[in-house]
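Hi everyone, thanks for coming. Today I'd like to walk you through the salt bridges in one protein chain, so let's bring it up on the screen.

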Amino acid sequence: IYVVDKRQELHFVQVFRCARKTGLVKPETELKFLGFGTMNGKDGGPFKTREGGVMRLENLIADIDEEMFHKIVENRSVKDQDAKETAEIVGLSAIKYGDLSNQASKDYIFDIDRFTSFEGNTGPYILYTIVRTKSLMAKLQANDIRVAEDAKILPAQNKTVTDVMLALSKWSDTVSAAYQEQAPHKICQFVYELCDAYNKFYHENKILANENVAERDSWIALSRLVGKVLEQAIDLLGL
């Protein structure tokens, strides 16, 4: 699979044809061209530095890290000594997710404010949701609530639970389609929809405070499953 600027497609059609005619590749070897679009600035033109040249990747990463650091410090979401390291982790995820969530062949606008947002279809929002599921598991431990790893997930009791279950049910088909079509943006779309459904469920239901123990344990098992699937997804995306 050759991942190159989509404007080079004709060149690779010729390269593949020559490779076959000259016997450089075996007949059973599949050759595929996967063209990608360009990253553009807010003005729609090629993404450039303030000086007007094409931006270097190291400068792009530095800008994202700086923006992420400011947001983390403002929110006071982590301890001061961890803020810089966290900003680098979340910042790199913001760049990767921003790139992968777009269909590869399409041009897209690089908007540093949108990419680093903790809301919407962004890398930080996905990581935030995973942290939310981990935080719930930490509260279980703190409150000495034990829920077995194989705890049964009961049929949905309300729409928010139904929506989480429906979102989860698309996982296998999504991975299969993303693989067959070389389309990581399909995984990104799945991840965003699952995060959105889970956060609504989390806000509208008192999970740990639920006095119905069977229902509470079912919701905890569902949350655990959401966290597990999300971690698998970001691992596939390389975040």
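**Salt bridges across the chain**

Let's begin with a lysine: K6 is partly exposed, with a relative accessibility of 34%. Please keep in mind that this is a predicted model.

So which side chain does K6 meet in a salt bridge? The partner is D107, with 3.6 Å from N to O. D107 sits in the loop between α3 (80-100) and β4 (108-109), while K6 sits in the loop between β1 (2-5) and α1 (9-21), so this pair ties together parts that are 101 residues apart in sequence. Like K6, which is partly exposed, D107 counts as partly exposed, at 40% relative accessible area.

Now let's move on to a pair in helices. K134 and E231 form a salt bridge, and their closest N and O atoms are 3.3 Å apart. Where do these two residues lie? K134 belongs to helix α5 (residues 123-142) and E231 to helix α9 (residues 213-237), so the salt bridge ties together parts that are 97 residues apart in sequence. On accessibility, E231 is partly exposed at 38%, and K134 is partly exposed at 47%.

One more pair for you: D144 and R146. Their side chains meet in a salt bridge at 3.2 Å, N to O. Are these two buried or exposed? Both D144 and R146 are exposed.

And how many salt bridges does the count come to? Ten, taking a side-chain nitrogen of Lys or Arg within 4 Å of a carboxyl oxygen of Asp or Glu. Among them are the three pairs we just visited: D107 with K6, E231 with K134, and D144 with R146.

Key: Residues are numbered from 1 along each chain as its sequence is written. This is a predicted model: local features need pLDDT of at least 70, side-chain atom pairs count only at pLDDT 80 or more; totals for chains, interfaces and linings use all residues. Side-chain values use heavy atoms; hydrogens and water are left out. Helices (H or I, at least four residues) and strands (E, at least two) are DSSP runs, numbered from the N terminus. Buried means under 20% relative accessible area, exposed over 50%, partly exposed in between (1.4 Å probe, protein chains only).
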